Amino acid sequence: MNDLPGQTPPAATTDGGHADDSTTTVAQLRRRVEQFVDQRDWRQFHSPKNLAMSLAIEAAELMEHFQWLTIQQSRGVTGDSARMERIGDELADVFCYLLAMTSQLDLDLTEATVRKLAKNELKYPADEYRGRFGPDDPGTPERPAQPERA
């Protein structure tokens, strides 16, 4: 889902309006990705396996922007607009493949996300995990064993 080098199209909807997180729904973005794929006859290549692999590859390309940086340096990238555009491009590639995969699997991403957050709220109660990264954090108190979850 790469653009041509040196060409940065504006963030616009197909009808010429402006697109941003506050005005564009997941469904609209999903349709936009579907249109992009269909216009190029790429559905034939979009098996769940290929899309999962592509998503992982794009995520690795995103990681390259932070490889070898300290935590502080990684937080400081926001001050470099050219770098932020490249990072945004990689995040968009990850998101486009994620949306393509939800289309291919006929999966509602919002429903899956809300369901997963509910599971995580039970698994990681805020009063117990506030300020801790997880069960392996040395400051995390012992909890009774919970059944395995997928």
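I began with Glu-34, which counts as partly exposed at 23% relative accessibility, and I kept in mind throughout that I was reading a predicted model.

I then looked up the charged partner of Glu-34 and found a salt bridge with Arg-30, in which the closest N and O atoms are 3.8 Å apart; that pair falls inside the cut-off because the rule asks for a distance within 4 Å. Both residues belong to helix H1, which covers residues 26–39, and as they are 4 residues apart, about one helical turn separates them. For Arg-30 I noted a relative accessible area of 17%, so this residue is classed as buried, the limit being under 20%.

Next I turned to Asp-38, whose side chain meets that of Arg-43 in a salt bridge with an N to O distance of 2.5 Å. I checked the accessibility of each partner and recorded 42% for Asp-38, which is partly exposed, and 40% for Arg-43, which is also partly exposed.

My last lookup was in helix H5, residues 109–123, where Arg-115 and Glu-111 lie 4 residues apart, or about one turn of the helix. These two residues form a salt bridge, and I noted 3.5 Å between the closest N and O atoms. Glu-111 has a relative accessibility of 49% and counts as partly exposed; I wrote down the upper limit beside it, since exposed would require over 50%. Arg-115 is likewise partly exposed, at 43%.

To close the entry, I entered the total for the model, which by this rule is 3 salt bridges.

Key: Residues are numbered from 1 along each chain as its sequence is written. This is a predicted model: local features need pLDDT of at least 70, side-chain atom pairs count only at pLDDT 80 or more; totals for chains, interfaces and linings use all residues. Side-chain values use heavy atoms; hydrogens and water are left out. Helices (H or I, at least four residues) and strands (E, at least two) are DSSP runs, numbered from the N terminus. Buried means under 20% relative accessible area, exposed over 50%, partly exposed in between (1.4 Å probe, protein chains only).
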